[in-house]
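User: I'm new to reading protein models and keep tripping over the labels. Could you walk me through a few?

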Amino acid sequence: MATPNYGYEKRQRELAKKQKKEDKLRAKAQRKPNDPQGDDLPADEQPEGDAGHPEQPAG
(Lines give C-alpha, C1' and ligand atoms only; values in the text may rest on other atoms or scores of the structure.)
Protein backbone atom coordinates (compact mmCIF):
# COMPACT_ATOMS: atom_id res chain seq x y z
CA MET A 1 0.00 0.00 0.00
CA ALA A 2 1.25 3.49 -0.87
CA THR A 3 1.98 5.94 1.90
CA PRO A 4 -0.15 9.08 2.09
CA ASN A 5 1.40 12.22 0.68
CA TYR A 6 0.67 14.66 3.48
CA GLY A 7 2.55 17.47 1.76
CA TYR A 8 0.25 17.24 -1.26
CA GLU A 9 -2.86 17.21 0.92
CA LYS A 10 -1.65 20.24 2.87
CA ARG A 11 -0.90 22.12 -0.34
CA GLN A 12 -4.40 21.36 -1.65
CA ARG A 13 -5.96 22.67 1.57
CA GLU A 14 -3.86 25.83 1.36
CA LEU A 15 -4.85 26.40 -2.27
CA ALA A 16 -8.53 25.91 -1.43
CA LYS A 17 -8.26 28.36 1.46
CA LYS A 18 -6.49 30.91 -0.76
CA GLN A 19 -9.13 30.54 -3.48
CA LYS A 20 -11.96 31.01 -0.98
CA LYS A 21 -10.31 34.14 0.40
CA GLU A 22 -9.87 35.59 -3.10
CA ASP A 23 -13.51 34.85 -3.92
CA LYS A 24 -14.62 36.68 -0.77
CA LEU A 25 -12.45 39.69 -1.60
CA ARG A 26 -13.76 39.74 -5.18
CA ALA A 27 -17.37 39.60 -3.99
CA LYS A 28 -16.69 42.37 -1.48
CA ALA A 29 -15.11 44.53 -4.17
CA GLN A 30 -18.14 44.02 -6.43
CA ARG A 31 -20.52 45.09 -3.67
CA LYS A 32 -18.53 48.18 -2.74
CA PRO A 33 -19.07 50.30 -5.92
CA ASN A 34 -22.81 49.56 -5.85
CA ASP A 35 -23.14 50.61 -2.23
CA PRO A 36 -20.77 53.54 -1.51
CA GLN A 37 -22.57 54.85 1.58
CA GLY A 38 -23.19 51.43 3.07
CA ASP A 39 -26.97 51.78 2.78
CA ASP A 40 -29.01 48.66 2.28
CA LEU A 41 -31.54 50.37 0.01
CA PRO A 42 -31.20 50.21 -3.78
CA ALA A 43 -30.73 53.53 -5.62
CA ASP A 44 -34.40 53.80 -6.64
CA GLU A 45 -35.58 53.24 -3.04
CA GLN A 46 -33.46 55.95 -1.41
CA PRO A 47 -35.30 58.13 1.09
CA GLU A 48 -36.53 61.41 -0.33
CA GLY A 49 -34.50 64.51 0.36
CA ASP A 50 -32.20 67.08 -1.18
CA ALA A 51 -29.37 64.58 -1.74
CA GLY A 52 -30.89 63.14 -4.90
CA HIS A 53 -31.95 66.47 -6.41
CA PRO A 54 -29.74 68.95 -8.27
CA GLU A 55 -28.77 72.00 -6.29
CA GLN A 56 -31.06 74.93 -6.62
CA PRO A 57 -29.55 78.40 -7.04
CA ALA A 58 -29.70 80.54 -3.94
CA GLY A 59 -31.90 83.54 -4.15
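Analyst: Sure! Let's start with exposure: buried means under 20% relative accessible area, exposed means over 50%, and partly exposed is what falls in between. Keep in mind that this is a predicted model.

User: Okay, why is R26 called partly exposed?

Analyst: R26 has a relative accessibility of 46%. That value lies between the 20% and 50% cut-offs, so R26 counts as partly exposed.

User: And what makes D23 buried, partly exposed or exposed?

Analyst: D23 comes out at 36%. That also sits between the two cut-offs, so D23 is partly exposed.

User: How do you know that R26 forms a salt bridge with D23?

Analyst: The closest N and O atoms of R26 and D23 are 3.0 Å apart. The rule asks for a side-chain nitrogen of Lys or Arg within 4 Å of a carboxyl oxygen of Asp or Glu, so the pair qualifies. In general, side chains of opposite charge can pair when their charged atoms come close.

User: How many salt bridges does that rule give?

Analyst: Just one salt bridge.

User: Where do R26 and D23 lie?

Analyst: Both are in helix α1, which covers residues 6-34. They're three residues apart, about one turn of the helix. The chain has one helix and zero strands.

User: What share of the chain counts as buried?

Analyst: Of its 59 residues, 0%.

Technical notes:
Residues numbered from 1 in each chain as written. Predicted model: local features only at pLDDT ≥ 70, side-chain atom pairs only at ≥ 80, totals over all residues. Heavy atoms only, no water. Helix = DSSP H or I, 4+ residues; strand = E, 2+ residues; numbered from the N terminus. Buried < 20%, exposed > 50% of the residue type's maximum accessible area, 1.4 Å probe, protein only.
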